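Please read this briefing alongside the sequence and the 3D view. It is arranged by topic.

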Amino acid sequence: MNDWVQQAEYKSEVIIDIGFMVQESFYFGPENGFTPEQYQELREALPVPDFEMSGNFVLTKNLAGKEFLLAEHYKAVVAMHEKHCKDISKSTHFWNRPIVFQENDFCISFSWHDRFREGKNVLESLSSIQDGEIYWDRDQGWELEIYGQGEFLFAREWDPDYEKLHCQVKFDRKSVREQSQALIAHTTEIISYLSREIGHDHWT
């Protein structure tokens, strides 16, 4: 077993969720060669529902009964792309990503994940009953390892280039597996609803 696994701090009541991007404005300026001032000024306001937010994301746990408001927001996003002749396939407005956290404590936000196909892969890994490494990913100055052993999952998020540790935790596996399995189905339902309302699946 890796040394970091043995040193991981136990966390209770860990929550698994998927966050959907909700931005307050739409940037319609040039895609390249723009100044910071242009990026701030060349914008139109978007309708932002009164959601409880987690940064720029609304979590599925805060969407119950309000999915139609999220659909209205995305309809406005689509209209902005059409108005300003922007390529919607390159849009960041439809980003969604998993999040593993404990309230007022640690948070693993999978910052390099943008679509549910990636998030679903994370959730399926968290649902695994295998021991050993069940998930690993690395990008610019970021690495995440998730390891399973018996009734626990262990996670380390850090910057391997500078050896800067963000979190090193362990948590109950059964709860995480149940949450992850339920979340796959629930998020799939939300995306199916949004896709019907918008006319296209921009999230998967």
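The points below cover a helix, the strand pairings, a buried arginine, salt bridges and backbone angles.

This is a predicted model, in which local features need pLDDT of at least 70 and side-chain atom pairs count only at pLDDT 80 or more, while totals for chains, interfaces and linings use all residues. Residues are numbered from 1 along each chain as its sequence is written, and side-chain values use heavy atoms, with hydrogens and water left out. Helices (H or I, at least four residues) and strands (E, at least two) are DSSP runs, numbered from the N terminus.

**Helix H3**

- Helix H3 covers residues 67-83, and its 17 residues should span 24 Å at 1.5 Å a residue. The expected span is 1.5 Å times one less than the number of residues. The end C-alpha atoms of H3 are 24 Å apart, which agrees.
- Buried residues of H3 (buried means under 20% relative accessible area, exposed over 50%, partly exposed in between, with a 1.4 Å probe and protein chains only) are Leu70, Ala71, His73, Tyr74, Ala76, Val77, Val78, Met80 and His81.
- These buried residues pack against four strands, E2 (15-21), E3 (25-27), E4 (43-45) and E6 (57-59), and against helix H5 (173-198). Contact here means heavy atoms within 4.5 Å.
- Cysteine 85, just after H3, takes a positive phi of about 55°.

**Strand pairing**

- An open sheet is formed by five strands in the order E5-E6-E2-E7-E8, with antiparallel pairing. Two strands pair if DSSP finds at least two bridges between them.
- The edges of this sheet are strand E5 (53-54) and strand E8 (107-108); each has a single partner strand, so one side of each is left without a neighbour in the sheet.
- Strands E2 and E7 (residues 96-101) run antiparallel and are joined by six bridges. Glycine 19 has arginine 97 in E7 as its bridge partner.
- Strand E1 (residues 9-10) runs parallel to strand E12 (residues 164-172), with two bridges between them. Here tyrosine 10 stands opposite lysine 170 in E12.
- E12 is also joined to strand E11 (residues 152-159), by eight bridges in an antiparallel arrangement. In E12, aspartate 172 stands opposite phenylalanine 152.
- E11 and E12 make a hairpin with four residues between them, and glutamate 163 in the turn has a positive phi of about 55°.

**Arginine 115**

- Arginine 115 is located in the loop between E8 and helix H4 (116-126).
- What is the nearest side chain of opposite charge to arginine 115? It is aspartate 114, 5.8 Å away; arginine 115 is buried yet has no salt bridge. For charge, Lys and Arg count as positive and Asp and Glu as negative, with His and the chain ends not counted.
- A polar atom of the arginine 115 side chain lies 3.5 Å from the backbone oxygen of histidine 202.
- Leaving out residues up to four places away in sequence, arginine 115 touches Ser89, Ser91, Phe94, Trp95, Asn96, His202, Trp203 and Thr204.

**Salt bridges**

- The whole structure holds 13 salt bridges, each being a side-chain nitrogen of Lys or Arg within 4 Å of a carboxyl oxygen of Asp or Glu.
- Glutamate 31 and lysine 90 form one, with the closest N and O atoms 4.0 Å apart. The pair links distant parts of the chain, 59 residues apart: glutamate 31 is in the loop between E3 and helix H2 (36-41), and lysine 90 is in the loop between H3 and E7. Glutamate 31 is partly exposed at 46% relative accessible area, whereas lysine 90 is exposed at 58%.
- Lysine 83 pairs with glutamate 44 in a salt bridge whose closest N and O atoms are 2.8 Å apart. Lysine 83 lies in helix H3 and glutamate 44 in strand E4, so the pair ties together parts that are 39 residues apart in sequence. Lysine 83 is exposed, with a relative accessible area of 53%.
- Glu9, Lys11 and Asp105 are linked in a network of salt bridges.

**Positive phi in two loops**

- Glutamate 13, in the loop between E1 and E2, has a positive phi near 50° and is not a glycine. Glutamate 13 is exposed, at 70% relative accessible area.
- Phenylalanine 110, in the loop between E8 and H4, has a positive phi of about 50° although it is not a glycine. Phenylalanine 110 is buried, at 0% relative accessible area.

Note on methods. A polar contact is a pair of N or O atoms within 3.5 Å; within protein, one must be able to donate a hydrogen and the other to accept it, and residues adjacent in sequence count only if both atoms are side-chain atoms.
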